[in-house]
Amino acid sequence: METPNKTSSDQKPNNAEAHIRSAHEILKALQKKLGEHPEIGAAITKLEMALNDLAIQTGGVL
């Protein structure tokens with residue numbers, strides 16, 4: 001009986017992508033409440049870069 005190894009590796013990028021998107025939305029909402037703040041802006045930028053890196057690593061399969 002074969003066990004699909006591909007399933008577990010396919011779920012990791014999707015999980016990471018979902019966490020990054022969630023964190024991005026939370027930071028955007030926080031930025032709206034607090035106004036412009038350089039550290040929040042930097043965190044949002046880093047999350048966007050991480051999401052782009054994941055998209056490149058997975059060939060856009062996210």
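**Close-up views of a two-helix chain**

**View 1. The exposed side of helix α2.** P38, E39, K46, I56 and Q57 are exposed on the other side of α2, away from its buried residues. The view is taken from a predicted model. Helix α2 runs over residues 38–57. The helix has 20 residues, and its first and last C-alpha atoms lie 28 Å apart. That span is close to the 28 Å expected for α2 at 1.5 Å a residue. Just after α2 comes G59, which has a positive phi near 70°.

**View 2. The buried side of helix α2.** Which residues of α2 are buried? They are I40, I44, L47, L51 and L54. These five sit on the same side of α2, because they cover an arc of only 85° around its axis. The spacing of such residues follows from helix geometry: with 3.6 residues a turn, residues three or four places apart in an α-helix point the same way.

**View 3. The largest nonpolar core.** Seven residues form this core: I20, L27, I40, I44, L47, L51 and L54. Both α1 and α2 contribute, each with at least two residues. Which helix gives the most to the core? Helix α2 does, with 5 residues. In soluble globular proteins, nonpolar side chains tend to be buried together.

**View 4. The surroundings of I44 and K28.** I44 is one of the core residues and belongs to the buried set of α2. Neighbours within four places in sequence are set aside here; beyond them, I44 is in contact with H24, L27, K28 and Q31. Of these partners, L27 is also listed in the largest nonpolar core. K28 is placed in helix α1. Is K28 buried, partly exposed or exposed? K28 counts as partly exposed, because its relative accessibility is 36%, which lies between the 20% limit for buried and the 50% limit for exposed. Along the chain, K28 and I44 are 16 residues apart, and their C-alpha atoms are separated by 7.4 Å.

**View 5. Q31 and its contacts.** Q31 is part of helix α1. With a relative accessibility of 12%, Q31 counts as buried, because the limit for that class is under 20%. What does Q31 touch, leaving aside neighbours within four places in sequence? Its contacts are E36, I40, G41 and I44. Among them, I40 and I44 are buried residues of α2.

**View 6. E17 and L54.** E17 is found in helix α1, which covers residues 5–34. The relative accessibility of E17 is 13%, so this residue counts as buried. How many residues separate E17 and L54 along the chain? They are 37 residues apart, while their C-alpha atoms are separated by 7.4 Å. L54 is also listed among the buried residues of α2 and in the largest nonpolar core.

**View 7. Two partly exposed residues and their partners across the chain.** A18 is a residue of helix α1. Its relative accessible area is 41%, so A18 is partly exposed. From A18 to L51 the distance is 9.6 Å, C-alpha to C-alpha, and the two are 33 residues apart in sequence. T45 belongs to helix α2. T45 has 39% relative accessibility and therefore counts as partly exposed. Its C-alpha lies 9.0 Å from that of H24, a residue 21 places away in sequence.

**View 8. The whole chain and its start.** The secondary structure consists of 2 helices and 0 strands. Of the 62 residues in the chain, 16% are buried. The chain exposes about 5,100 Å², and carbon and sulfur atoms supply 56% of that area. Among contacts between residues at least 6 apart in sequence, 50% join residues at least 24 apart. How is the predictor's confidence spread over the chain? The average pLDDT is 76, and 74% of the residues score at least 70. Over residues 1–9, pLDDT stays under 50, and the model has 0 contacts there beyond four places in sequence.

Terms used. Residues numbered from 1 in each chain as written. Predicted model: local features only at pLDDT ≥ 70, side-chain atom pairs only at ≥ 80, totals over all residues. Heavy atoms only, no water. Helix = DSSP H or I, 4+ residues; strand = E, 2+ residues; numbered from the N terminus. Buried < 20%, exposed > 50% of the residue type's maximum accessible area, 1.4 Å probe, protein only. Core = buried A, V, L, I, M, F, W, Y, C linked by side-chain atoms within 4.5 Å. Contact = heavy atoms within 4.5 Å. pLDDT = per-residue confidence, 0-100. Areas by Shrake-Rupley, 256 points an atom, 1.4 Å probe, with all protein chains shown as cover. Expected span 1.5 Å × (residues − 1). Arc of directions from axis to C-beta.
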